[in-house]
Amino acid sequence: MSTKGKGGTPAIISLRRAGVSFRLHSYVVDYEAVSDYGRAVAGQLGVPPQRLFKTLVAFADDQPMVGLVSADARLSVKRLARAVGARKSRLASPREAQRLTGYVPGGISPFGQRRRMPTVVDESAVTFETIWVSAGKRGLQIEIDPAVLGSQLGAILAPLAYG
């Protein structure tokens, strides 16, 4: 477990408090200069984009929720709605996502969010021993067992990705 220092982002602090094992990885990617930030981050980390998961905020029947898909895929809002029994869904705007999570786009972590929201993870996550998710700020990723998403967030698995 990465435990050096007592500070960190809300995501890191919440995982440390829960006693969860994880590793931190830093990277440098200019968020404004790339068109596919997730793939750029995966490239910088030397990680297949299938193992790096984007945290996306959406609304299903007007209720905020979180969907995680790999960096090489897109979130299907129709599949997200189906996974939670909603009739419709849409992606949140960057401003809505920041307001709900407390994190800036490109640094939204599924952990330590301002407001705990239902979380749905693409089923591909469990095919890996570890996955990477944002640590709560641009330039820092958490490598973690995907089962932690279920145990710490109550996340459910569903087919969410396309592309």
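The following exercises, each with a worked solution, examine the sheets, helices and largest pocket of a predicted model.

Residues are numbered from 1 along each chain as its sequence is written, and side-chain values use heavy atoms, with hydrogens and water left out. Because the model is predicted, local features need pLDDT of at least 70 and side-chain atom pairs count only at pLDDT 80 or more, whereas totals for chains, interfaces and linings use all residues.

**Exercise 1. The five-stranded sheet**

Determine the order of the strands in the open sheet of 5 strands, and state which strands stand at its edges.

Step 1. Fix the terms. Helices (H or I, at least four residues) and strands (E, at least two) are DSSP runs numbered from the N terminus. Two strands pair if DSSP finds at least two bridges between them.

Step 2. Read the order. The open sheet runs 5-2-3-6-9, and its pairing is mixed.

Step 3. Find the edges. Strand 5 (89–91) and strand 9 (156–158) each pair on one side only.

Step 4. Give the twist. From one strand to the next it averages 35°; axes are lines fitted to C-alpha atoms, for helices over the stretch in contact, and angles run from 0 to 180 degrees between N-to-C directions.

**Exercise 2. The surroundings of strand 3**

Describe how strand 3 pairs with strand 2 and with strand 6, and state how many of its residues are buried.

Step 1. Take strand 2. It pairs with strand 3 in the antiparallel sense over 8 bridges, and F53 stands opposite S70 in strand 3. The two strands form a hairpin with 2 residues between them, and D61 in the turn has a positive phi of about 50°.

Step 2. Take strand 6 (residues 119–122). Strand 3 (residues 63–70) pairs with it in the parallel sense over 3 bridges. The bridge partner of V66 in strand 6 is T119, while L68 stands opposite V121.

Step 3. Consider burial. A residue is buried under 20% relative accessible area, exposed over 50%, and partly exposed in between (1.4 Å probe, protein chains only). In strand 3, 7 of the 8 residues are buried, so the strand is largely enclosed by the rest of the structure.

Step 4. Examine V121. This residue belongs to strand 6 and is buried, with a relative accessible area of 2%. Its contacts (heavy atoms within 4.5 Å) include L68, L149, A155 and I156, not counting residues up to four places away in sequence.

**Exercise 3. Helix 4 and the sheet**

Identify the buried residues of helix 4, and explain why they line one face of the helix.

Step 1. Place the helix. Helix 4 (residues 94–101) packs on the sheet, where it touches strand 2, strand 3 and strand 5, and its direction makes about 95° with that of strand 2.

Step 2. List the residues. E96, A97, L100 and T101 are the buried residues of helix 4. Seen down the helix axis, they fall within an arc of 110° (taken from the directions from the axis to the C-beta atoms), so they line one face.

Step 3. Compare the two sides. The buried residues pack against strand 2, strand 3 and strand 5, whereas P94, R95 and R99 on the other side are exposed.

Step 4. Look past the end. G102 follows helix 4 and has a positive phi, near 85°.

**Exercise 4. The three-stranded sheet**

State the order and pairing of the open sheet of 3 strands, and name the helix that lies across strand 1, strand 7 and strand 8.

Step 1. The order is 1-8-7, with antiparallel pairing. Strand 1 (23–26) and strand 7 (131–137) are the edges, each with a single partner strand, so one side of each has no neighbour in the sheet.

Step 2. Strand 7 and strand 8 (residues 140–144) are joined by 5 bridges, and I131 stands opposite I144 in strand 8.

Step 3. Helix 1 (residues 10–17) lies across strand 1, strand 7 and strand 8, at about 25° to strand 8.

**Exercise 5. The largest pocket**

State the volume of the largest pocket and the element that gives the largest share of its lining.

Step 1. Define the pocket. On a 1 Å grid over the protein atoms alone, it is an open set of points where a 1.4 Å probe fits, with protein on both sides within 12 Å along at least five of seven lines; lining residues have an atom within 4 Å of a point. Grid points are joined across faces, edges and corners, and the volume is the space filled by probe spheres set on the points.

Step 2. The volume is about 800 Å³. Of the 32 lining residues, Y31, K54, T55, L56 and G106 are the closest to the centre.

Step 3. Strand 2 gives the largest share of the lining, 5 residues.
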